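Hi everyone, thanks for coming. I'd like to walk you through one structure today, a few spots at a time, so please have it open in front of you.

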Amino acid sequence: MSTFTVLNPATEQTVATVPSASVEEADAAIARAAAARAGWREVAPGERAALLRAFADAVDAHIEELAGLEVACSGHPVGQARWEAGNVRDVLRYYSAAPERLCGKQIPVPGGVDVTFKEPVGIVGLIVPWNFPMPILGWGVAPALAAGNPVIAKPAERTPLTAIRIGELALEAGLPEGVFQVLPGKGSVVGQRLVDHEAVRKIVFTGSTDVGRQIMAGCARQVKRLTLELGGKSANIVFADADLERAAATAPVAAFDNAGQDCCARSRILVQREVYQRFLELLEPAVKAVAVGDPAREDTEMGPLISAEHRDRVAAYVPDGAPVAFRGSAPDGPGYWYPPTVLAPVRLDDPAYVEEVFGPVVAVVPFEDEAQAVAMANDTPYGLSGSVWTRDVGRAIRVARAVETGNLSVNSHSSVRYWTPFGGFKQSGLGRELGPDALDAFTETKNVFIATEE
Ligand code: TAP
């Protein structure tokens, strides 16, 4: 049996050794899901809702345990990890209201009655990345189960522990066997099998754009349903009339949350030329104040990167001689630490400005006017997130509409809430998660005409 060693990224110590499933084990899990499918679909809506609420309660009763696992496995600051476990609970509760509201339509037609039904799509394969192991799991599992589908989740190899525990909690809460399974293993083995197996009817993938492209090609062979949440290179656009103090105070969170390993990271800060210097002066103390260190401490704001390889990848974006304007701190000694780093001025063809770094590196560049700000924000194959800072309401709306991304915030650093839609334009993804419409991704509309004429 092959295994994967989970390391604590803050200490480099072994946390656990986890079995890595084979293709045969993936097939066995798919067979269990297939056996559970009809039974889960037939569970009465109110009962399915009650089971999801019981599942949410079980997660709620284990927030500290789950947070502790995420601190050890992913290096997330404990306060953040608690929020992430709470997000799984909240998303389960939100979608527990769905089974009793999966309403179809009655459409007027001559000669009879026409009704539509929202049928479950079938077995869902959920492929989760390492950067937000709990929330991204919950965003797929909760609506998929609510819509009546069995789910097989494949966590990332580096961060399987919280998913495994959440899978156990689902069983303890009373979900029938086979309805929600967690199958740790390699993407190229288990993930690929979920894509290739004909009994799996839908894939939900979050991860890199390169792997997303391969998965899309794989799904095309069977016209398999697919939701993709991929990379980003989002812009934080600061106009001269903005509340510069607030924009600068929140820019570090927007760029360095989860050590920048966040697809929504606003890793390009575009600042109107007349306030560019002033903004940098305000940003410097905010960046230096980010508390980087032991993720188990309550006051830590930023932990380590996920792995030594990933730290090397991030560091390659800041070679010797890179235009580092200023940096925050990072501990010495064991752990995959990298300090919050601000690049300015940068060339617009600098890879750190163009590519997704997925680490705590942000580039600050000036712009002249609104048209240029929008053009610069859109000059990327990605389109996931972004922010606009201005006191001019008309401009806020114009720019928010003109920037080609799926989630924007105005005068705020954050735009993700479980009851509002989340997803990308362009190469940042396909489809939407969260919010009321996410159920559509896990159901097929069936149209039935019933003749009433004699
Ligand atoms: P990936 O390497 O793309 O891995 C994501 C998941 O896919 C992992 O579980 C991985 O398994 C699996 N996988 C790898 N190859 C596969 C294949 N051929 N078939 C099926 N599954 C496969 O990304 P990552 O390194 O985990 O995460 C970082 C990237 O994800 C960043 O670029 C980031 O932008 C993006 N991301 C985007 C979002 C959203 S919401 N848009 C959220 C998080 C991350 P292994 O564990 O074996 O590698």
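**A walk from helix α5 to the ligand**

Let's start in helix α5, where you will find W139. One thing to keep in mind throughout: this is a predicted model. Is W139 buried or exposed? Its relative accessibility is 9%, so W139 counts as buried. Setting aside residues up to four places away in sequence, W139 touches N87, V91, V416, F422, E433 and L434. With N87 there is also a polar contact, side chain to side chain, at 3.0 Å. If you want a sense of distance, take W139 and I215: 76 residues separate them in sequence, and their C-alpha atoms are 19 Å apart.

Now hold on to E433, which W139 touches, because we meet E433 again among the contacts of T206, counted without neighbours within four places in sequence. T206 sits in strand β8, which runs over residues 200-206. At 7% relative accessibility, T206 counts as buried too. Beyond those close neighbours in sequence, T206 is in contact with I127, V128, P129, I136 and E229, as well as E433.

Next, please turn to strand β7, residues 180-182, and pick out F180. Here the relative accessibility is 5%, which means that F180 counts as buried. Which residues does F180 contact, leaving aside neighbours within four places in sequence? They are F55, L137, V141, L145, V151, A153, I166, G167, A170 and L175. F180 and A33 are 147 residues apart in sequence, yet from C-alpha to C-alpha they are 7.8 Å apart in space.

On to helix α3, residues 63-74. How far apart should the ends of its 12 residues be? At 1.5 Å a residue the expected span is 16 Å, and the end C-alpha atoms are 16 Å apart, so the two agree. The buried residues of α3 are I63, L66, A67, E70, V71, C73 and S74. Their cover includes β1 (3-7), α2 (45-60), α4 (78-96), α5 (133-146) and α6 (161-172). Just past the helix, G75 has a positive phi of about 75°.

One residue of α3 deserves a pause, and that is E70. E70 is buried but has no salt bridge. The nearest side chain of opposite charge belongs to R158, 12 Å away. What E70 does contact, outside four places in sequence, is G75, H76, A81, E84, P133, M134 and T162.

Finally, the ligand. Which of the 28 residues around the ligand come nearest? Those are E157, G187, S208, L230 and E356. For E157, a side-chain N or O atom is 2.4 Å from a ligand oxygen. For E356, a polar side-chain atom lies 2.7 Å from an oxygen atom of the ligand. K154 joins in as well, with a side-chain N or O atom 3.1 Å from a ligand oxygen.

E356 leads us to one last stop, since G231 is in contact with E356. G231 is in the loop between β9 (225-229) and β10 (235-238). With a relative accessibility of 2%, G231 counts as buried. Neighbours within four places in sequence aside, the other contacts of G231 are G207, T209, Y382, L384 and S428. And one more distance: G231 and I269, 38 residues apart in sequence, are 17 Å apart in space, C-alpha to C-alpha.

That's my tour, and I'm happy to take questions.

How values were computed:
Residues numbered from 1 in each chain as written. Predicted model: local features only at pLDDT ≥ 70, side-chain atom pairs only at ≥ 80, totals over all residues. Heavy atoms only, no water. Helix = DSSP H or I, 4+ residues; strand = E, 2+ residues; numbered from the N terminus. Expected span 1.5 Å × (residues − 1). Buried < 20%, exposed > 50% of the residue type's maximum accessible area, 1.4 Å probe, protein only. Contact = heavy atoms within 4.5 Å. Lys, Arg positive; Asp, Glu negative; His and termini not counted. Salt bridge = Lys/Arg side-chain N within 4 Å of Asp/Glu carboxyl O. Near = heavy atom within 4 Å. Polar contact = N/O pair within 3.5 Å; in protein donor to acceptor, adjacent residues only side chain to side chain.
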